[in-house]
Amino acid sequence: MNKRVQAAESIILHHGANREELVQILLDIQKEIRWLPKDVLELVSRRLKIPISTIYGVATFYAHFSLHPRGSHNVCVCVGTACHVRGAPRLLDRVKGELGIAPGETTKDEKFSLTTANCLGCCALGPVLVADGEYKSNPDSAELRAYVQSVE
Ligand code: FES
C-alpha cells in the first residue's frame with residue numbers, strides 16, 4: 001500500500017467509512033494529498049461500497065477537486081478582461097517561462113501548479129496573480145524568479 005492510499009485509508013476510518021460523508025472524505029483527501037488519484041478513489045469506492053462511477057461523478061462535479069497532481073504551491077494568474085487589457089497575456093508568458101509549465105499543469109517535482117482565473121477581485125492591481133495567497137501586481141521576471149527560488 002503506497003503512502004497516498006495509507007493516508008486515504010486513515011481518513012476513511014476517521015469518518016467511520018460512512019458513505020453519507022463521501023464529500024467530506026474526498027475534501028479531506030484532497031487537502032491531505034492535494035489531488036484524488038485513481039487508486040485512492042478505488043479505495044474509497046471499496047470501503048464505502050459506492051460505485052466508482054458515483055465517486056468520479058462527485059469528484060468531477062466540484063471544481064475544488066483535482067484528478068491530476070497539484071503542486072504544494074499554486075500560482076494563479078488572472079486572465080479576466082480588466083487584467084487582459086493591462087497585459088495579462090505577457091504576465092502569463094513570464095510565469096510559464098519561470099515555472100516551465102502551462103496553465104492546468106504541475107511541475108514534475110509537484111512543487112508548483114499553474115492555474116488561471118477570470119477575476120481575482122482586485123482589477124485595479126492588474127495584471128495580477130496570486131501565489132500561495134499573496135497578491136502580486138504585474139511582477140517582472142526577476143520578482144517571479146525570486147519567488148520561485150524562495151519556496152522550499
Ligand atoms: S480581471 Fe483580473 S483581478 Fe479582476
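The exercises below, each with a worked solution, go through the architecture, helix packing and local backbone of a predicted model.

Residues are numbered from 1 along each chain as its sequence is written. Because the model is predicted, local features need pLDDT of at least 70 and side-chain atom pairs count only at pLDDT 80 or more, whereas totals for chains, interfaces and linings use all residues.

**Exercise 1. Describe the overall architecture of the protein, from its secondary structure to its domains.**

Step 1. The secondary structure comes to seven helices and four strands, where helices (H or I, at least four residues) and strands (E, at least two) are DSSP runs numbered from the N terminus. Read from the N terminus, the order of elements is α-α-α-α-β-α-α-β-β-β-α.

Step 2. The domain assignment gives domain 1 as 3-61 and domain 2 as 73-150, with bounds that come from an automatic or database domain assignment. Taken over C-alpha atoms, the centres of domain 1 and domain 2 are separated by 31 Å.

Step 3. Along the principal axes, the C-alpha atoms fill a box of roughly 50 × 30 × 20 Å. Of the 152 residues, 24% are buried; a residue is buried if 20 or more other C-beta atoms lie within 10 Å of its own, exposed if 12 or fewer, and partly exposed in between, with C-beta atoms placed from the backbone.

Step 4. Among contacts with a separation of 6 or more, 63% join residues 24 or more positions apart, a contact being a pair of residues whose C-beta atoms, placed from the backbone, lie within 7 Å.

**Exercise 2. Characterise the packing of helix 1 against helix 2, and then that of helix 6 against helix 7.**

Step 1. Two packed helices are described by the angle between their axes and the distance between the axes. Here the axes are lines fitted to C-alpha atoms, for helices over the stretch in contact, and angles run from 0 to 180 degrees between N-to-C directions.

Step 2. Helix 1 (residues 3-14) and helix 2 (residues 22-33) pack at an angle of about 145°, with their axes 10 Å apart. Their crossing is right-handed; a crossing is left-handed if the near helix is turned anticlockwise from the far one by less than a right angle, and right-handed if clockwise. Helix 1 contributes Arg4, Ala7, Ala8, Ile11 and Ile12 to the contact, and helix 2 contributes Ile25, Asp28, Ile29, Glu32 and Ile33. By class, this contact of helix 1 with helix 2 has seven nonpolar, no polar and three charged residues, where Ala, Val, Leu, Ile, Met, Phe, Trp, Tyr, Cys and Pro count as nonpolar, Asp, Glu, Lys and Arg as charged, and the others, Gly among them, as polar.

Step 3. The axes of helix 6 (residues 88-99) and helix 7 (residues 141-150) come within 10 Å and cross at roughly 40°. Helix 6 is therefore oblique to helix 7, since angles under 35 degrees count as roughly parallel, over 145 as roughly antiparallel, 65 to 115 as roughly perpendicular and the rest as oblique. Helix 6 and helix 7 cross in a right-handed sense. Arg94, Val95, Glu98 and Leu99 of helix 6 meet Ser141, Leu144, Arg145 and Val148 of helix 7, which by class gives four nonpolar, one polar and three charged residues.

**Exercise 3. Determine the surroundings of valine 44 and glutamine 30.**

Step 1. Valine 44 lies in helix 3 (residues 38-48) and is buried, because 24 other C-beta atoms lie within 10 Å. Leaving aside neighbours within four places in sequence, valine 44 is in contact with Ala8, Ile12, Ile25 and Ile55. Valine 44 and alanine 8 are 36 residues apart along the chain, with their C-alpha atoms separated by 7.8 Å.

Step 2. Glutamine 30, in helix 2, is partly exposed, with 18 other C-beta atoms within 10 Å. Not counting residues up to four places away in sequence, glutamine 30 touches Trp35, Leu36, His64, Phe65 and Ser66.

**Exercise 4. Locate the unusual backbone geometry at glutamate 110, proline 127 and aspartate 132.**

Step 1. Most residues other than glycine have a negative phi, and most peptide bonds are trans.

Step 2. Glutamate 110, in the loop between helix 6 and strand 2, has a positive phi of about 55°, and with 14 other C-beta atoms within 10 Å is partly exposed.

Step 3. The peptide bond from glycine 126 to proline 127 is cis, with omega near -5°; proline 127 is placed in the loop between strand 2 (112-117) and strand 3 (128-131).

Step 4. Aspartate 132 has a positive phi of about 50° and lies in the loop between strand 3 and strand 4 (134-137). Aspartate 132 counts as exposed because it has 12 C-beta neighbours inside 10 Å.

Definitions and conventions: Contact = placed C-beta atoms within 7 Å.
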